[in-house]
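Subject: Structure handover

Dear colleague,

I am passing on the structure we discussed. Please look through it first and then read the notes underneath.

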Amino acid sequence: MIRSPTVIRRSSEPNPPEQFQQWLDRVARPIEFATRDAFAHLPTVKNLNRFVSSQVMQALSTRVYPRAIEAALLQLRELFLEDQQRLPAEDQQRRLQEATIILGVLRKAVCDSAQAWHEPEPVGVREPGLSETPSRPWWEQPIRFAKGVGPKRTSLLQRFGIETVEDALWTVPWRYEDRSTMTPIGQLVPGVQASICGTIVRSEAKRARSRRLAILDIVVEDSTGHLQAVFFNQPFLEPLFTVGTSVMLTGRVVAGAQGWLDTRMEVAQYEVVGAESEASLHVGRIVPVYHETKGWTSRQMRVLMKSLLDTHVVEAQEVLPVPLRARYRLLPIQQAIQEVHFPQLGTDGGQLDRGLTLAHRRLAFEELFVLQLALASRQRVMKEEVKQVLFNSKTPLLGKLDRALPFQLTEAQERVSREILSDMTSRKPMNRLVQGDVGSGKTIVAVQAMVLACGSGYQAALMAPTEILAEQHYRTMKGLLEPLGLSVVLVSGGGRAAARKAVREQVASGTAQVVIGTHAVIQQGVTFAKLGLAVVDEQHRFGVLQRKTLIEKGYKPDVLVLTATPIPRTLAMTVYGDLDVSVIDQMPPGRKPVRTFLMSDRQRGRAYQILRDELRSGRQAYVVYPLVEESEKTDLQAAMQGAEQLQADELAEFRVGLLHGRMKSEEKERVMTSYKKGEIQVLVSTTVVEVGVDVPNATVMMIEHAERFGLAQLHQLRGRVGRSGHQSYCLLMASGVWGGKGVTGQGGTGTPLSPYASTPYPPSAARERLDALVRSTDGFVIAEEDLRIRGPGEFFGFRQWGIPEFRVANLVRDADMLQQARQEAFALLKQDPQLKAPVHRALRETMLRRWETKLDLGSVS
């Protein structure tokens, strides 16, 4: 049966856009009056907050608006929730400026979306079962449907991580060019850097036979004159630079054969300006320059961004609470997005390129704040979990362990140990990170936690990043824990199948109390009888997914994470922002700082002399070669040949051993045992000795091709020596890092071998790393320096560490902002733990959309 449409009375009022325009004029009047004449009338405007707030609520209650307009209205109301007159004058003025921008956005939205208006339900005729679909938010709009994109260009944009309109508008330029001043060609002066815009009137491709050169010779003309430009070995420009094409050229102007009469340009940058209608995007302004890929240019990205901004900027959702924006004087989101892509004339170029403008700051703050909110929410949820394990702090095994230790713990170790034991005996699950420099004694603190777990009737698992380190831990733990009556096993991927099966059975039955292995322990079909503590000794992030795997397998142990190297404060707040942090900031007594020397090949004789002197004194040494996947075969060969050469020549009187990752476990075990016993004096190795190997008698670390190592990795290697009271040495053998011819010099702790002052060229990044290592033995200082030199993108590799990738924020530049964002996030959650308040709804949705999957926020949502 067909139902007839419901007929309801029609309104005789003006149409919705006109009516709304009248409302806008009414609300704007007092705001515009208050801002006039540099806010001279502001003190005379009373009860503005009450007026605007009530007007907005009245407007929202009488009509259904397009989504973008509704969002802008809510933003306007947020600005006037507090009494204006109680705020400082500066804040009052800033809010009025924001309100003026929102009113401008609303006026534009009325014109742009007249078709989207519809009558409220009590008025007019509505077909049953039909309803308007509101426009989809940015993040739900695929970029492929944007004007001028389509399937082919979508695949190019995906290379930049752009899938949606939101992704595109948050992809900011990597630099800017001030093309606001174009010099007329007739006014060019030789010797000056200039930008010109003109039309190609001649384009000739030639080839010089003698030098095998491809030459493209063009002449560009404007209304004042013409200019020649020559491009060498760039044949791909020929189809671009055709007669009639408008181009923008920037470069140094030089005089030709006839002096000023035939000026030429040495072109540094060029761009095809394209259609006249687009010219204003590419010249006559500060122009954004985006990263390019084959088939997609910065010019195309600029055109796309302009189109997206014109269509979608009014839909930008303001997620930061008004009080927060006021405290930090942050721009409204629409203005920030607009200005980060197309800055206003006069914006400081240096600030733009360094990402320090108000627009950059606004977007970076939002990224950092939303992440910190997610981490704080995750921490809150973890702390609210019901602890399923109960530890007995009075277990006699702890006392037995203390009496068995042949050394006294440092004050820092004692403090961190108390923090861990306090966590373990509380009613909340432990999720704690222990940071400490190389050799500061993190392992023994973890051993105490494992003894507490085992003494309380649970199993403890220790997961290491590599097989070699797992084996090292196994030997250490066996020696410490078996005398206490605890059974220690190693879960390994190698060895006989029967032995592996026996170990798994011991773990499953609970007879194995301490289980050592790599991170794969939780994935390789190993079942625990009663897992109470998971200790993760790592080089990279023990990710959410591993923790999730533990929970999915039915385990909810306390988690203790040990970092293999100190990490900078900013990274600790992002990578480990959801964990409680302890720092062991004190070294065991009696240890001397390692003396570090940076040496060239010409000083190799001196390096070998240091090596022989130490070996003749009964000490031992490491010689380490780099090993990377791309050149694994040749790197391995270099290490093997190096060992043979040392044994045959320079160190013939000593026994030289070889250790590398391709050796079988039994073989590696045999070599390490011989080295520990002192039967092998020199261990030639690939980077497998980087973490955790402990031979106190070793006093020399010689690192070949030191320029190929990262700074943190070099610091780790250096940490393998200096583990006793004897003076130790680290010899960095490097090539290709010397600034001047024959510059060597003398070096030692605190003295780079060739200070930058004595080199005619700026130091390379590799040279900076090596000099930083020579200058300092403090791992925390070195970590900060490494982050500064390499930048967050390369520091250990984003994906390796699980560091969040930001589109605008930069962890080096924005360290202070990150700290502020973290404080604000925790303060907001204290006030509204689940972000349930209506004013925080958009913020909560944004947090879940960006981080729910990556940070396992399922329980938060």
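The notes below go from the whole chain to one sheet, then to a few single residues and the salt bridges.

Please keep in mind that this is a predicted model.

**Whole chain**

The chain has 861 residues, of which 52% are buried. Its secondary structure consists of 28 helices and 22 strands. If you take the contacts between residues at least 6 apart in sequence, 74% of them join residues at least 24 apart. The accessible surface amounts to about 39800 Å², and carbon and sulfur atoms account for 51% of that.

**The six-stranded sheet**

One open sheet is built from six strands, which pair in parallel in the order S17-S22-S21-S18-S20-S19. The edges are taken by S17 (595–599) and S19 (656–659); each has a single partner strand, so one side of each lacks a neighbour in the sheet. From one strand to the next, the twist averages 20 degrees.

At the S19 edge, the partner is S20 (residues 682–685), which runs parallel to S19 and is joined to it by four bridges. One residue pair to look up there is Val 656, whose bridge partner in S20 is Val 682. Helix H24 (residues 765–775) packs on the sheet, where it touches S17 and strand S22 (729–733). The direction of H24 makes about 150 degrees with that of S17.

As general background, strands of a sheet pair through backbone hydrogen bonds, and the pairing is either parallel or antiparallel.

**An antiparallel pair**

Strand S3 (residues 175–178) and strand S9 run antiparallel, with four bridges between them. Arg 175 is the residue opposite Val 289 of S9. Strand S9 covers residues 286–289, and its side chains alternate: Ile 286 and Pro 288 point one way, Val 287 and Val 289 the other. All four of these residues are buried.

**A nonpolar patch on the surface**

Phe 236, Leu 240 and Tyr 270 make up a nonpolar patch on the surface, and their accessible area together is about 280 Å². To find Phe 236, go to the loop between strand S6 (225–232) and strand S7 (246–256).

**Two single residues**

Lys 46 sits in the loop between helix H1 (16–39) and helix H2 (48–62). Is Lys 46 buried or exposed? Its relative accessibility is 55%, so Lys 46 counts as exposed. Lys 46 and Ala 34 are 12 residues apart along the chain, and 10.0 Å separates their C-alpha atoms.

Ser 422 belongs to helix H14 (residues 411–424). With a relative accessible area of 45%, Ser 422 is partly exposed. Ser 393 is 29 residues away from Ser 422 in sequence, while the distance between their C-alpha atoms is 9.0 Å.

**Salt bridges**

The count of salt bridges comes to 29. Three pairs are described here.

- Arg 202 and Asp 217 form a salt bridge in which the closest N and O atoms are 3.3 Å apart. Arg 202 is in strand S4 (residues 193–208) and Asp 217 in strand S5 (residues 213–222), 15 residues apart. Arg 202 is partly exposed at 36% relative accessibility, whereas Asp 217, at 6%, is buried.
- Asp 423 and Arg 432 meet through their side chains at 2.6 Å, N to O. Asp 423 counts as buried at 14% relative accessibility, and Arg 432 is buried with a relative accessible area of 9%.
- Arg 604 and Asp 601 form a salt bridge of 3.0 Å, N to O. Asp 601 is partly exposed, its relative accessible area being 49%.

Which residues do salt bridges with shared partners join into one network? They are Arg 94, Glu 98, Glu 166, Glu 318, Arg 325, Arg 362, Glu 366, Arg 849 and Arg 850.

Best regards

Technical notes:
Residues are numbered from 1 along each chain as its sequence is written. This is a predicted model: local features need pLDDT of at least 70, side-chain atom pairs count only at pLDDT 80 or more; totals for chains, interfaces and linings use all residues. Side-chain values use heavy atoms; hydrogens and water are left out. Helices (H or I, at least four residues) and strands (E, at least two) are DSSP runs, numbered from the N terminus. Buried means under 20% relative accessible area, exposed over 50%, partly exposed in between (1.4 Å probe, protein chains only). Contact means heavy atoms within 4.5 Å. Accessible areas come from the Shrake-Rupley method with a 1.4 Å probe; for residues, only the protein chains shown count as cover. Two strands pair if DSSP finds at least two bridges between them. Axes are lines fitted to C-alpha atoms, for helices over the stretch in contact, and angles run from 0 to 180 degrees between N-to-C directions. Patches are made of residues with over 30% relative accessible area and no salt bridge: like charges are joined within 9 Å, nonpolar side chains (Val, Leu, Ile, Met, Phe, Trp, Tyr) within 5 Å. A salt bridge is a side-chain nitrogen of Lys or Arg within 4 Å of a carboxyl oxygen of Asp or Glu.
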